[in-house]
Amino acid sequence: MSVFKDTGHLFRFAGLFVLAFLVFLVVRHYVVPKSFGQYGHYRGAAIGEIAAHPAKYAGHETCESCHAEVLDVKKNGKHAHVNCEACHGALEKHADDPSSMTPVLPDTAVLCVRCHTASAAKPKGFPQVVPEDHYTGLACGTCHKPHSPAMDVGGTK
Amino acid sequence: MKITRRQMLILLPAAAVAWESVLAGTPEDSPNYKMTEHWWGMLIDIPKCIGCGNCVRACQTENDVPDGYFRTWVERYHRSDWSMSNPEVVTANPLIDPEVISPDGGKEGFPVATDKSGKYFFVPKLCNHCADSPCTQVCPVGATFISPDGVVLVDQTYCLGCAYCVQACPYGCRYIHPEKKVADKCTLCYHRITKGLTTACCEACPTGARQLADLKDPKDPIHEFLKTHSVQILKPQMATGAKVFYNDLDGSVR
C-alpha cells in the first residue's frame, strides 16, 4: 500500500470538493425557480403570469352579444368594419358588470374629426373633410349617424 | 403487490418523465389554448393606415404604458418628388428626406399636411416578434425569451433592468419602465390572444390596417395575403425573422 502513503491530505481535499458540490446542488435547488428551463432558458411560469394580465378592451364579439340591434344598423353601413371600442373606448368593465359602469357617449365633434380631418398625408380614397368648411355649427351626429354614417336626410335611420 | 425487475425497468423512466411535468407546474391559464398550435405575427396594411393614433391610445390603455413611452407608435413619412424621381441618388441628409415625424408617438394623430407634393404614408411600428430575435439572445439572466407560440416576452420578476436588450433591438421597440425599472415591450397582448381575442391595437384600428396573424393556423387569411401582395418586413438584412409584415412598404422606411 505504498501508493497511498502520505495521501490523506489529498482525500480530505477531494472530500471538501464533494461537499462543496453537494452544497451547490442544494442551494441551486432552492434558488432556481421550479419552472426554469421548462421550455427554454427562462422561467416557464412567466408565460402564465403574463397571460393573466387583465384585459381592458372587451372585444366587439362581447359587445355584440348584448347590443345586437347596433350590429344590425352597422352591418350595411360604411362603418361596418369599425369595431365598437374604436370609438367608444375600452369597456371590459362595462361588459363584466353593466351596472357598474355606464359608458359615456362619445362627443361626435371630437371623435369624427380625429379620423376624417382632411390631410394630404391620408390615403386618397379615405373620406375626408376640412372641418372649418364642412362644419355648420351642428354636431356631426345631427346629419350623420355614426353607426351608419350615410346622410340622414329623412331622420329615420 | 409484487413488481418484477422487468416492470421496474419500465416504470422508473416513466416516473422520471412524469415527475418533470409535476415539478414544472401548469403555466397555461386558458384551458383551451395550446401554445404549440400557434405562431403569432401581425400584418400592417400601409395603404389603409390613416394615422389616427387609435392603436397607440388603445395600447396605452390596455397595457398601462407610461406617458412618453411606447409599445407601439406611428410614424409619418414624407418623400419629396425629387427623391422619388431620383431613386438612384443617396440622399445627402437622411434627416431631411424622407421627412419622418411621430409627435408623441402619433398618439393624438398628426398635424394636417398642407404640402401636397411628394408621397405621404404612415408606418405603425411595434415589436416585430422576431423568430431569431437579437434582444432575447443578449439577456444575461434568461428574463426575456420567445414563447413556444412565437411571442417575445419579458419576465419582469426576473429582469435586472440592465437594458442590454434595449440596445440589442434593431427596431427600438423596448424601453426601461420608469417605475418598475425593468425592460418593457409589446407582448402582442399575450393576455388577449391566449383567450381568443385580438390585440388591443387591432381591436381599436378603425380601418383594419393592423391585423393579428396566426401563421400556424391554415385558415388564417394571412397566408393568402402574403401570396397575393407585395409584403415586406423591416430591416430584412438583419435576418431577425421578423413576423410583422408590412404591405406596400416604401423602400425608404428604416
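Me: Is D97(A) buried or exposed?
Reply: The model is predicted, and in it D97(A) sits in the loop between α6 (92-96) and α7 of chain A. The residue has 8 C-beta neighbours inside 10 Å. A residue with 12 or fewer is classed as exposed, so D97(A) counts as exposed.

Me: What separation do the C-alpha atoms of D97(A) and I50(A) have?
Reply: Along the chain, D97(A) and I50(A) are 47 residues apart. In space, their C-alpha atoms are separated by 24 Å.

Me: Which residues of α7(A) are buried, and why are they said to be on the same side?
Reply: The directions to the buried residues cover an arc of only 85° around the axis, which puts them on the same side of α7(A). The residues concerned are C112(A), C115(A) and H116(A).

Me: Which helix gives the largest share of the side of chain A that touches chain B?
Reply: The contact takes 36 residues from chain A and 45 residues from chain B. On the side of chain A, α2 (45-51), α5 (84-88) and α7 (108-116) each supply at least two residues. The largest share is six residues, and it comes from α2(A).

Me: How many residues of each class does that side of chain A have?
Reply: Chain A puts 36 residues into the contact. By class, they are six charged, twelve polar and 18 nonpolar.

Me: How many Å apart are the C-alpha centres of the two domains of chain A, domain 1 and domain 2?
Reply: The domain assignment gives domain 1 as 2-51 and domain 2 as 60-142. Their C-alpha centres lie apart by 60 Å.

Me: Where does D6(A) lie, and is it buried or exposed?
Reply: D6(A) is not a glycine, yet it has a positive phi of about 55°. The residue lies in the segment before α1 (8-31) of chain A. With 7 other C-beta atoms within 10 Å, D6(A) is exposed.

Me: Which exposure class does A163(B) have?
Reply: A163(B) also has a positive phi, of about 70°, although it is not a glycine. It is found in the loop between β6 (152-154) and α5 (164-168) of chain B. The count is 15 C-beta neighbours inside 10 Å. Buried needs 20 or more and exposed 12 or fewer, so A163(B) counts as partly exposed.

Me: Which are the edge strands of the open sheet β3-β2-β4 in chain B?
Reply: The three strands are paired antiparallel in the order β3-β2-β4, with a twist that averages 25° from one strand to the next. An edge strand pairs on one side only, and this holds for β3 (99-101) and β4 (119-126) of chain B.

Me: Which residue of β3(B) stands opposite Y77(B)?
Reply: Strand β2 (residues 72-79) of chain B runs antiparallel to β3(B), and three bridges join them. Opposite Y77(B) stands V100(B).

Me: At what angle to β2(B) does helix α2 of chain B run?
Reply: This helix, residues 54-63, lies across β2 and β4 of chain B. Its angle to β2(B) is about 160°.

Me: What is the bridge partner of L43(B) in β9(B)?
Reply: Strand β1 (residues 40-45) of chain B is joined to β9(B) by five bridges, and the two run antiparallel. Strand β9 (residues 210-214) is mostly covered, with four of its five residues buried. In β9(B), L43(B) has as its bridge partner Q211(B).

Conventions
Residues are numbered from 1 along each chain as its sequence is written. Chains are lettered from A and ligands numbered from 1 in the order in which they are written. This is a predicted model: local features need pLDDT of at least 70, side-chain atom pairs count only at pLDDT 80 or more; totals for chains, interfaces and linings use all residues. Two strands pair if DSSP finds at least two bridges between them. Two residues are in contact if their C-beta atoms, placed from the backbone, lie within 7 Å. Ala, Val, Leu, Ile, Met, Phe, Trp, Tyr, Cys and Pro count as nonpolar, Asp, Glu, Lys and Arg as charged, and the others, Gly among them, as polar. Domain bounds come from an automatic or database domain assignment. Axes are lines fitted to C-alpha atoms, for helices over the stretch in contact, and angles run from 0 to 180 degrees between N-to-C directions. The arc is that of the directions from the helix axis to the C-beta atoms.
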